[in-house]
Amino acid sequence: MPRSAVRILLVEDTLDVGEAICRRFQQTGHMVDWETDGAVASDIMSFTEYDLVILDVMLPGLDGFSILRRLRQSKNGVPVLVLTARSEVDDRVSALDLGADDYLVKPFDFRELEARARVLLRRRSGGESTNVIVCGDVSLDRTNRSVTVGKREVQLKRREMTLLEILATRPGKVFSKEELLDQLFGFDEAAGPNAIELYVGRLRKKLEGAKARIVTLRGVGYQLVSDDDA
Ligand code: CA
């Protein structure tokens with residue numbers, strides 16, 4: 001898929017956080033408009049079209065929830081990712097109720113932010129009309145973060161879910177441990193290849209009996225294989 005210029009609106013009044021987010025997305029070739037005032041941001045959104053809005057909650061001018069409410073009332077369906085502080089746990093629920101597509105709790109890892117943004121942008125571009133990934137009889141619903149094997153619902157922890165998501169997005173592709181480490185952990189986390197083995201082991205156990213399995217290719221990596229393709 002050619003990388004066309006993606007336009008992101010970032011609404012964040014904490015300067016170092018805003019700068020860091022801008023830099024990360026600009027490095028990947030995205031255009032980022034950054035606003036620190038909620039009221040100004042809300043106005044801009046009424047006449048500028050964005051592919052993604054990254055929205056802080058506590059803002060001068062107008063808070064993130066009011067911005068979100070206004071946006072949805074005006075039938076603007078732009079994907080919104082809300083950034084919320086750990087002390088505002090209830091905010092996550094409100095954010096989703098108000099029509100946010102996803103949220104991240106601060107402080108977050110930038111890779112996590114990028115991964116979430118990628119998912120929302122992909123959904124927006126219509127590259128994936130559905131948000132359910134299926135491999136064999138394993139089905140992963142990205143919207144409500146649930147996994148089923150056949151009719152059985154499987155409880156996965158956050159990283160197990162992410163690992164499955166990575167593997168299931170491209171069944172048959174071999175992912176090296178380094179690739180998986182990169183996507184599962186941040187810079188500041190001291191995780192080695194053993195951590196990947198650990199998570200693969202756990203995930204494998206939870207997928208026992210499924211018509212899809214994680215295959216280990218010694219010294220190379222891992223792949224998710226559906227029995228339907230065997
Ligand atoms: Ca703030």
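A residue counts as buried when its relative accessible area is under 20%. By that criterion A117 is buried, because its relative accessibility is 0%. This alanine belongs to helix 5, which spans residues 110-125. In sequence, A117 is separated from L81 by 36 residues, yet the C-alpha atoms of the two lie 7.5 Å apart in space.

The model under discussion is predicted, and its confidence should be considered before further detail. The protein has an average pLDDT of 86, and 88% of its residues reach a score of at least 70. Confidence varies along the chain: strand 3 has the highest mean, at 96, whereas helix 4, residues 89-97, has the lowest, at 72.

Strand 3 also leads to the calcium site. The loop between strand 3 (52-56) and helix 3 (64-73) contains M58, while D13 is found in the loop between strand 1 (7-11) and helix 1 (15-27). Three residues of the protein supply donors to the calcium ion: D13 and D56, each through OD, and M58 through O. These donors lie 2.1 to 2.3 Å from the ion. Along the chain, the donors are arranged with the spacing D-x42-D-x1-M. The pairing of D13 with M58 thus links distant parts of the chain, the two residues being 45 residues apart.

The two ends of that pairing fall into separate accessibility classes. D13 has a relative accessibility of 29% and therefore counts as partly exposed, since this value lies between the limits of 20% and 50%. M58, at 55%, is over the upper limit and so counts as exposed.

Two cysteines may be considered next. Are C22 and C135 buried or exposed? C22 has a relative accessibility of 8% and is therefore buried. C135 is likewise buried, because its relative accessibility is 3%. As for covalent links between cysteines, the structure contains zero disulfides.

The final feature is a packing of two helices. Such an arrangement is described by the angle between the helix axes and the distance between those axes. Here, helix 6 (residues 158-169) packs with helix 7 (residues 177-184) at an angle of about 130°, and their axes are 10 Å apart. An angle over 145 degrees would count as roughly antiparallel, and one of 65 to 115 degrees as roughly perpendicular. The angle between helix 6 and helix 7 falls in neither range, so the two helices are oblique to each other. The crossing of helix 6 and helix 7 is right-handed.

Key. Residues numbered from 1 in each chain as written. Predicted model: local features only at pLDDT ≥ 70, side-chain atom pairs only at ≥ 80, totals over all residues. Heavy atoms only, no water. Donors = N, O, S within 2.8 Å, 3.2 Å for Na, K, Ca; no water. Helix = DSSP H or I, 4+ residues; strand = E, 2+ residues; numbered from the N terminus. Buried < 20%, exposed > 50% of the residue type's maximum accessible area, 1.4 Å probe, protein only. Disulfide = S-S within 2.5 Å. pLDDT = per-residue confidence, 0-100. Axes fitted to C-alpha atoms, helices over the stretch in contact; angles between N-to-C directions. Parallel < 35°, antiparallel > 145°, perpendicular 65-115°, else oblique. Left-handed = near helix turned anticlockwise from the far one by under 90°.
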